[in-house]
Amino acid sequence: MSLSTQHQIHTEEQVKKLRARAVIGMVAGIPVSVCEAEIVMMRKQWLSMPPTTVLQSVDELPKGCVVSRNADGVWYDRRVYVIAGNINDIKQLQKVIAHECVLHHSLEDMLGDYGFSKLHHGLQKLKKSGDPVIVRLAAEVYERYGVLTPEMETQEMVARAGEQYLDGTGNLKIKFGYIKSAFADAVGWLRDHGIPVRFSNAELQGIMHGAGVWVQQKH
């Protein structure tokens, strides 16, 4: 049921009780009603949150949307789908929402036209010149996702760089200012857009990287 059309309205007290059940692990997978209640609360803090539908299992996804059986969230046809049966607690749900919303908004929207253009042209120039770090990142992105547009490739190189080159404090240890600034801006964007949970730098990077799973979808 889409949250934009749902008829059941949860009171604040009901939401607290539903959250408590999920937090202490009383159920295997969170009931759909718990996910919906949590998302209602998140939307109050983030009015531009993309359309979100909560499903019990991947079997309920639209025809043509094929994912693994243990997928906990999907961005498909300009909508986020949350798979309640594969989510074990509230924090996982919050990560799923953050994960899918990163893909929805993408680095272009987070950085703005100028910021993304600077990042994109800088990394593509380094790739063309044969910089070994960037060439290796591009090869790993290709192995994981296949052929992408240059812009999508840039997005995934940033995420992949974060995955590989985070130091013990969660900061990027590679030298390229393009990637460092983009990563910092994306982390700040997530923290400033109403996601009601605090993530470590490492967790935020994982969200950025994981969101690329559906990057090849044409929306």
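Reader: How do you know that the span of helix α5 agrees with its 16 residues?
Author: At 1.5 Å a residue, α5 should span 22 Å (1.5 Å times one less than its number of residues), and its end C-alpha atoms lie 22 Å apart, so the two agree. Helices here are DSSP runs of H or I with at least four residues, strands runs of E with at least two, numbered from the N terminus. This is a predicted model, in which local features need pLDDT of at least 70 and side-chain atom pairs 80 or more, while totals for chains, interfaces and linings use all residues. Residues are numbered from 1 along each chain as its sequence is written, and side-chain values use heavy atoms, without hydrogens and water.

Reader: Which residues of α5 are called buried?
Author: Among them are Glu153, Met157, Val158 and Tyr165. Buried means under 20% relative accessible area with a 1.4 Å probe, protein chains only; exposed is over 50%, partly exposed in between.

Reader: What makes a set of residues a nonpolar core?
Author: Its members are buried Ala, Val, Leu, Ile, Met, Phe, Trp, Tyr and Cys residues joined through side-chain atoms within 4.5 Å. The largest such core has 51 residues, and Val82, Leu119 and Leu123 are among those with the most contacts inside it. α3 (90-128) is one of the elements that each supply at least two residues; α3 gives the most, with 13.

Reader: What does leucine 123 contact beyond its neighbours within four places in sequence?
Author: Its partners include Ile134, Met157 and Ile179, contact meaning heavy atoms within 4.5 Å.

Reader: Where is confidence lowest, and where highest?
Author: By pLDDT (the predictor's confidence in each residue, from 0 to 100), helix α1 (residues 12-23) is lowest, at a mean of 55, and strand β1 (residues 52-55) highest, at 94.
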